[in-house]
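Student: Could we go through this model together, one question at a time? I would like the reasoning along with each answer.

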Amino acid sequence: MAHKKGAGSSKNGRESHSKRLGIKIFGGQLAIAGNIIVRQRGTLHNPDTNVGVGKDHTLYALVDGTVVFRKKANNKSYVSVVPVATAEQN
């Protein structure tokens, strides 16, 4: 009678890969248009001005500027990008 299982069996190897979710650019940091600001499941953070939403609820910058996180009256977190004033505009 064999005391070992057949070759190739494994009880391990079912863990899923981490999805690398979370805030990628924090408040006060500079974001370039197209940069991912937050990767999330569902809308923990909601988009505000100059922020777009991907189909997987990823928030990304629509313009170059500074990222701002704030809570509004409904106590939800909103992310916006304040455009940076360039020297060319002055």
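Student: Which residue forms a salt bridge with Asp48 at 3.3 Å between the closest N and O atoms?

Tutor: This is a predicted model, where local features need pLDDT of at least 70, side-chain atom pairs count only at pLDDT 80 or more, and totals for chains, interfaces and linings use all residues. Residues are numbered from 1 along each chain as its sequence is written, and side-chain values use heavy atoms, with hydrogens and water left out. A salt bridge here means a side-chain nitrogen of Lys or Arg within 4 Å of a carboxyl oxygen of Asp or Glu. With the closest N and O atoms 3.3 Å apart, the partner of Asp48 is Lys72.

Student: How many residues apart in sequence are Asp48 and Lys72?

Tutor: Asp48 sits in the loop between strand 4 and strand 5, and Lys72 in the loop between strand 7 and strand 8. Strands are DSSP runs of E with at least two residues, and helices are runs of H or I with at least four, numbered from the N terminus. The pair thus links distant parts of the chain, and the separation is 24 residues.

Student: Which residues do salt bridges with shared partners join into one network?

Tutor: Asp48 also forms a salt bridge with Arg70, whose closest N and O atoms are 3.6 Å apart. Arg70 lies in strand 7 and Asp48 in the loop between strand 4 and strand 5, so this pair ties together parts 22 residues apart in sequence. Bridges sharing partners give one network of Asp48, Arg70 and Lys72.

Student: Is Arg70 buried, exposed or partly exposed?

Tutor: Buried means under 20% relative accessible area, exposed over 50%, and partly exposed in between, using a 1.4 Å probe and protein chains only. Arg70 has a relative accessible area of 38%, so the class is partly exposed.

Student: Which residue forms a salt bridge with Asp56?

Tutor: Asp56 is in the loop between strand 5 and strand 6, and its partner is in strand 3, 17 residues apart. Asp56 counts as partly exposed at 32% relative accessibility, and the partner does too, at 30%. The closest N and O atoms are 3.4 Å apart, and the partner is Arg39.

Student: Which strands stand at the edges of the sheet with the order 1-3-6-5?

Tutor: This open sheet has 4 strands with antiparallel pairing, where two strands pair if DSSP finds at least two bridges between them. Strand 3 (residues 36-39) and strand 6 (residues 59-61) are joined by 2 bridges, and Ile36 stands opposite Tyr60. Each edge strand has a single partner strand, so one side of each lacks a neighbour in the sheet; the edges are strand 1 (22-23) and strand 5 (51-53).

Student: How many bridges join strand 7 to strand 8?

Tutor: Both strands belong to an open sheet of 4 strands with the order 2-7-8-4 and mixed pairing. Strand 2 (30-31) and strand 4 (45-47) stand at its edges, each with a single partner strand, so one side of each is without a neighbour in the sheet. Val68 has Ser80 in strand 8 as its bridge partner. Strand 7 (residues 65-71) and strand 8 (residues 77-83) run antiparallel, and the number of bridges is 7.

Student: How many helices and strands are there in the protein chain?

Tutor: From the N terminus on, the elements run β-β-β-β-β-β-β-β. The count is therefore, by the rule for DSSP runs, 0 helices and 8 strands.
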